[in-house]
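Let's take a walk through this one together, starting with the overall build and then zooming in on a few spots worth a click. Have the viewer ready.

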Amino acid sequence: MSEKNDRFLGALLGVAVGDALGAPLEFLSAEEIKKRHGGEVRDMIGGGWLNVVPGEITDDTEMTLAVAEGIVESHFNPIPAIGRRFIAWYDSGPKDMGDCCRAAIAAAKERGAENYRDWYRAAQRVHKEKGGRTAGNGALMRTIFPALWYGAEAPAIAGQIAHMTHIHRHSHLAVTVYTIAVEDIIARREAAPERLRERIRHYMEPVRRLTGGNDPEPDGYAPNSLMCAVNAVTDTSCFEDALIRAVNLGGDADTIGAIAGGLAGALYGAEAVPQRWTDALDPDITRQIEQLAKKAENYAC
């Protein structure tokens with residue numbers, strides 16, 4: 001495995017294992033997790049409000065893969081290909097779907113959305129109907145692949161993909177900053193991890209200011225979710241510890257785990273992802289992730 005493929009694969013696997021590790025802990029507090037599970041959760045346990053089996057992914061990974069497959073199909077104009085996948089996923093009746101994503105995809109389907117303008121207008125309608133309360137993390141959770149594929153163009157394209165469902169400026173900022181950080185890690189993969197963690201902290205300053213402190217709530221607000229994930233990565237020194245820290249915060253644990261997993265996977269690579277976690281994933285998902293990582297590596301070359 002090349003160094004670049006290791007980072008690409010690590011980022012995509014990181015999203016999936018973070019999602020699956022956090023899914024059984026969603027909507028619990030950190031204290032409830034400790035009480036219910038006798039301390040930190042360090043393995044794929046299953047259960048939770050979604051009653052997932054150990055290693056089962058949720059909408060975080062499903063939408064991430066839809067974005068990735070759409071980009072691979074049509075990277076010069078990915079919105080239509082991604083949009084078709086979002087609607088097909090919506091029609092499949094997934095176990096979990098965020099309210100803003102659900103409403104925006106339904107609105108886009110209703111209007112026969114075919115391009116960025118159509119999707120933006122659907123998201124704009126939802127933004128108005130919800131009184132501007134569309135700063136959730138539903139766009140942030142799915143934004144890893146543009147950072148792997150597009151290089152310097154990644155922040156702008158990731159922002160457009162985010163606007164398919166979320167147009168709030170706080171969501172846009174979180175998506176853009178996260179994409180910049182991941183792209184920078186990939187570009188500077190020869191640097192020492194501690195140096196890269198410092199660069200991640202630097203990029204997050206405008207997002208940190210929105211959270212009102214150093215201990216953001218692990219909720220669905222995009223800046224809070226991003227800072228919970230970033231703190232878990234930058235306050236630890238290995239992939240496993242970062243994800244354990246992230247998901248055991250509770251709250252929106254699967255999404256915070258997915259965000260942290262993408263960042264930590266890009267930082268440490270696939271070799272750092274615990275085998276016991278990847279073994280728990282559906283083999284078909286793992287194969288899809290491996291194929292997407294290889295395609296991204298080939299395009300980047």
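**From the whole fold to the details**

Of the protein's 301 residues, 59% count as buried. Keep in mind as you turn it around that this is a predicted model, so everything here describes the prediction.

What about secondary structure? The count is quick: the protein has 16 helices and zero strands. If you color by secondary structure, then, expect helices and loops but no strands.

Next, the overall dimensions. Lay the protein along its principal axes and the C-alpha atoms fill a box of roughly 50 × 45 × 40 Å. The radius of gyration is 17 Å, and a compact globule of 301 residues would come out near 19 Å, so the protein agrees with that picture. The contacts tell you about the chain's path: take those between residues at least 6 apart in sequence, and 72% of them join residues at least 24 apart. On the outside, the accessible surface comes to about 12,200 Å², and carbon and sulfur atoms account for 47% of that surface.

Now for the inside. Rolling a probe the size of a water molecule over the atoms shows where empty space is left. How many cavities of 30 Å³ or more does a search of the whole structure find? Just one turns up, and the largest cavity holds about 30 Å³ of space. To find the spot, select Leu50, Ile57, Thr58, Asp59, Glu62, Lys95 and Asp96, which line this cavity. The character of that lining is worth a look: four of its residues are charged, two are nonpolar and one is polar.

Finally, a bit of backbone geometry. Start with the loop between helix 1 (3-22) and helix 2 (30-37), where you'll find Phe27. Phe27 isn't a glycine, yet its phi is positive, at about 75 degrees. Is its side of the story buried or exposed? Phe27 is exposed, with a relative accessible area of 54%.

Then move along to the loop between helix 2 and helix 3 (59-73), which is home to Asn51. Here again is a residue that is not a glycine but has a positive phi, this time of about 55 degrees. Asn51 is exposed as well, and its relative accessible area is 58%. While you're there, show the cavity lining again: Leu50 is one of the residues in it.

Terms used:
Residues numbered from 1 in each chain as written. Predicted model: local features only at pLDDT ≥ 70, side-chain atom pairs only at ≥ 80, totals over all residues. Heavy atoms only, no water. Helix = DSSP H or I, 4+ residues; strand = E, 2+ residues; numbered from the N terminus. Buried < 20%, exposed > 50% of the residue type's maximum accessible area, 1.4 Å probe, protein only. 1 Å grid on protein atoms, 1.4 Å probe; cavity = no way out; pocket = protein on both sides within 12 Å on 5 of 7 lines; lining within 4 Å. Points joined across faces, edges and corners; volume = space filled by probe spheres on them. Nonpolar A, V, L, I, M, F, W, Y, C, P; charged D, E, K, R; others polar. Rg over C-alpha atoms; globule rule 2.2 N^0.38 Å. Contact = heavy atoms within 4.5 Å. Areas by Shrake-Rupley, 256 points an atom, 1.4 Å probe, with all protein chains shown as cover.
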